[in-house]
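Thank you all for coming. I would like to take a few minutes to walk through one structure, so please have a look at it before I begin.

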Amino acid sequence: MASLTPTLRPLACWKSILRHTRQQKAATRSLTTFRKPKPFTGPIADQVPTPHVNRKLKVLPPPPSVAALYKEPIKDLTEDQIRVLDPTGARTRLFSKTNTEAAKVGDVLLVRLKNGDPFAGVCINIRRRGIDTGILLRNELTRVGVEMWFKIYSPNVEGVEVVQRRAKRARRARLTYMRKPKHDMGSVQSIVAAYQRTRVGARTSNANDEGKKGGKRKVKGKK
Amino acid sequence: MIQLKTMLNCIDNSGAAVVECAKVLKMKRHAKIGDRIIVVVQKQRNFSESGPGASVSTSAANKVRRGDIRHAVVVRTKKKLQRPDGSVVKFDDNACVLINKAGEPIGTRLNGVVGTELRKMKWSKILSLAPMHL
Amino acid sequence: MAPKLPTGWVHSPPTFLLPDAFLPLITKRGVKYGWTTAPARGKPARFNQKTAGLPTLSQSPAAALARKDYTLPLRTGALAIKKGMTALYDPETGIRTPCTVLQLDRVQVVAHKTREKHGYFAVQIGSGWKHSSNVTRPLLGHFTGAGVSPKRYLAEFRVKDESGLPQVGQSIGPEWFLEGQFVDARANSRGMGFAGGMKRWGFKGQPASHGNSKTHRAMGSSGASQGSGSRVHPGKKMPGRMGGEQVTVQNAKVLKVDKEKGLVILNGSIAGPKGCVVKIQDAIMKPWPVVPGAVEGVKEKLEATA
């Protein structure tokens with residue numbers, strides 16, 4: 001209502017009035033949207049707005065959850081894989097903590113591989129991590145120290161044999177000091193050769209001679 | 001992890017005993033087993049003291065002299081190397097074999113274990129010369 | 001200034017004097033005075049979809065969508081929980097593959113975002129379950145309206161067009177992803193807390209010796225003096241909070257899908273700790289996966305036309 005026209009003008013002058021209304025948008029709008037109050041009809045009770053009711057929303061029940069049934073999928077996955085990779089359970093037993101006959105650090109182990117020569121060495125570390133359980137073997141080949149990690153459940157590993165047990169239980173979990181020249185065991189090839197000779201001898205003389213080998217045990221994971 | 005200035009043992013009978021890495025070829029990173037490097041011969045092998053097999057080697061002795069610049073292939077590393085099946089191999093020293101520009105070994109014999117990765121990298125000639133591979 | 005008298009009733013005649021026919025029925029935009037022969041333009045559509053004969057803009061929502069057209073996935077992704085890492089062995093070849101295990105828990109489509117209403121196409125996905133007493137009323141109404149139970153996690157996955165919008169309420173299981181396909185997995189990385197320049201940005205630090213004193217892991221200089229305007233430039237890498245930001249792993253291969261247990265197993269590592277929420281969607285750097293159902297649909301169409 002910025003520009004106001006003279007307050008009084010003759011009502012009879014139609015043309016000027018219409019032009020003026022077209023220009024004055026605000027005025028037009030106020031005319032077209034003129035609000036007429038509703039005629040009062042019903043009783044007073046109808047006119048009072050209904051009070052706000054805090055209606056409860058319908059909440060849908062959750063669908064069944066598979067995640068709640070399988071809360072530890074990694075454990076299941078590991079068990080499934082071990083069942084396939086180690087059907088007899090020999091590998092699990094050979095490196096389980098509860099088994100008193102299990103291979104321990106300090107033992108000389110022989111790993112038979114699917115492709116390649118077997119590798120023997122003194123076990124200086126056992127890393128127990130489910131399906132990723134591995135052993136660290138150390139040996140000396142052609143006067144060069146060699147260390148190898150093997151995953152015990154790997155399909156490339158055909159079997160692990162205990163060649164020689166350590167005389168006394170190792171008092172460390174990891175015998176990394178055996179890398180030092182002072183403690184290095186050197187080559188274990190002679191021990192392994194002797195073991196293999198007795199194995200072959202036992203096999204040829206008597207198949208039932210397993211018990212005579214004393215401390216030397218053979219645990220071979222069946223493929 | 002063979003890089004500039006790394007000292008390696010030379011395990012063939014070319015006449016070099018200790019070599020120094022001068023360049024890792026075809027890559028910006030350190031060299032692993034099976035990678036080609038350029039080396040400088042730092043120490044010659046004294047064949048009279050090298051024990052058994054020395055008389056055979058003397059014929060082929062000293063094909064290289066101290067200060068020679070040669071190509072070589074890394075065959076053993078102290079750095080652990082992981083294989084596709086999850087097993088890891090680690091040697092106690094870094095070692096290499098000298099080769100000529102064409103990729104054939106200069107020496108005729110190798111003494112010492114080498115990594116199996118050489119096969120994958122098409123160094124089967126070195127692998128066949130080696131007494132043992134892992 | 002003296003207050004004006006309300007004079008509104010005087011400029012225009014009272015209604016009984018002005019029949020409706022004399023008054024303009026609609027207030028037309030842009031036509032203030034006089035008349036025009038051009039068709040009425042009306043209210044423009046939202047997000048500038050039609051340019052009404054004007055030249056196409058290079059910077060507009062429509063242009064942005066056209067630019068993104070090539071990289072927007074055709075179908076929605078899913079929300080998963082990272083359960084941890086393990087390895088898979090191939091019994092034949094003996095190859096060990098490290099992998100991340102993700103679990104999908106009651107993943108459902110909660111809402112759509114459409115071009116007309118929001119300016120882009122996207123699917124709102126919910127996962128998990130939340131007790132209704134822990135959900136605010138507006139959100140509860142949102143879930144109830146969609147016909148799903150309250151969800152713990154909500155996320156949006158952009159899709160290319162309306163054919164990528166599944167029905168609201170549809171469940172998305174691990175079978176949504178195909179074994180062998182590639183996905184992009186994004187999750188919030190582990191928070192490292194306040195980290196220095198060496199850890200956060202890989203700065204070299206200072207030498208341990210050679211006369212160095214008490215300065216080994218410092219950031220060093222933060223820029224030149226006069227040459228760079230004697231100021232620290234914006235974006236200078238400095239110590240600060242590290243981690244806890246979204247990290248996308250592109251082209252992670254789906255190794256295995258287990259519908260029974262709700263598992264999707266991806267090759268390699270994914271950012272974040274165990275139990276974090278991971279968004280997985282078809283990889284944008286690889287060809288879109290060929291979904292068996294979609295192929296059948298195309299086949300039917302082909303047969304119908306042939």
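What follows is a tour of the chains, their sheets and their cores, with a few words on confidence at the end.

I should say at the outset that this is a predicted model, and I will try to keep that in view throughout.

Let me begin with chain A, which has seven helices and six strands. If you read along its sequence, the pattern is α-α-α-α-α-α-β-β-β-β-β-α-β. Chain A has 223 residues, and 23% of them count as buried. Taking the contacts in this chain between residues at least 6 apart in sequence, 58% join residues that are at least 24 apart.

There is one backbone detail in chain A that I would like to point out, namely R143(A), a residue other than glycine whose phi is nevertheless positive, near 60°. You will find R143(A) in the loop between β3 (134–141) and β4 (144–151) of chain A. Is R143(A) buried or exposed? It counts as exposed, because the number of C-beta neighbours inside 10 Å is 12, and the cut-off for that class is 12 or fewer.

Let me turn to chain C, where six strands close into a barrel in the order β1-β2-β10-β9-β6-β11, with antiparallel pairing. Direction ignored, neighbouring strands of this sheet are turned by 50° against each other on average. A helix from another chain packs on this sheet: helix α5 (residues 73–85) of chain A touches β1 (78–89), β2 (96–103) and β10 (263–267) of chain C, and its direction makes about 30° with that of β1(C).

We can follow some of the pairings around this barrel, starting with β1(C) and β2(C), which pair in the antiparallel sense over eight bridges. One bridge here sets L88(C) against its partner T97(C) in β2(C). The two strands form a hairpin with six residues between them, and in the turn G94(C) has a positive phi of about 80°. β1(C) also pairs with strand β11 (residues 277–282) of chain C, again antiparallel, over four bridges, and there A80(C) stands opposite V278(C). Elsewhere in the barrel, strand β6 (residues 182–188) of chain C is joined by six bridges to strand β9 (residues 246–258) of chain C, the two running antiparallel, with F182(C) standing opposite K253(C) in β9(C).

Chain C has a further antiparallel pair, in which four bridges join β7(C) to strand β8 (residues 240–243); A195(C) has G240(C) in β8(C) as its bridge partner. How many of the five residues of strand β7 (residues 191–195) of chain C are buried? The number is zero, so this strand lies largely in the open.

Chain B has a closed barrel as well, of five strands running β1-β2-β3-β4-β7, and here the pairing is mixed. Neighbouring strands of this sheet are turned by 55° against each other on average, direction ignored. Within it, strand β3 (residues 36–44) and strand β4 (residues 69–76) of chain B pair in the antiparallel sense over five bridges, and V39(B) stands opposite R70(B) in β4(B). In the segment before β1 (7–10) of chain B sits K5(B), another residue other than glycine with a positive phi, near 80°. K5(B) is exposed, because 9 other C-beta atoms lie within 10 Å.

Now to the interior. In soluble globular proteins, nonpolar side chains tend to be buried together. The largest nonpolar core in this model has 67 residues, of which L109(A), C123(A), L137(A), V75(B), C96(B) and V97(B) touch the most other members. Strand β2 (residues 119–127) of chain A gives the most to this core, with six residues. Leaving aside neighbours within four places in sequence, C96(B) is in contact with several residues of chain B, including L8(B), C10(B), V39(B) and V75(B). Apart from this core lies another, of 42 residues, among them L77(A), I81(C), V107(C) and V278(C).

Finally, confidence. Chain B averages a pLDDT of 89, and 89% of the residues score at least 70. Over residues 53–59 of chain B, however, pLDDT stays under 50, and the model has seven contacts beyond four places in sequence for that stretch. Where pLDDT is low, the predicted coordinates should not be read in detail.

Conventions:
Residues numbered from 1 in each chain as written. Chains lettered and ligands numbered in written order. Core = buried A, V, L, I, M, F, W, Y, C linked by C-beta atoms within 7 Å. Buried ≥ 20, exposed ≤ 12 C-beta atoms within 10 Å, placed from the backbone. Contact = placed C-beta atoms within 7 Å. Pairing = 2+ DSSP bridges. Axes fitted to C-alpha atoms, helices over the stretch in contact; angles between N-to-C directions. pLDDT = per-residue confidence, 0-100.
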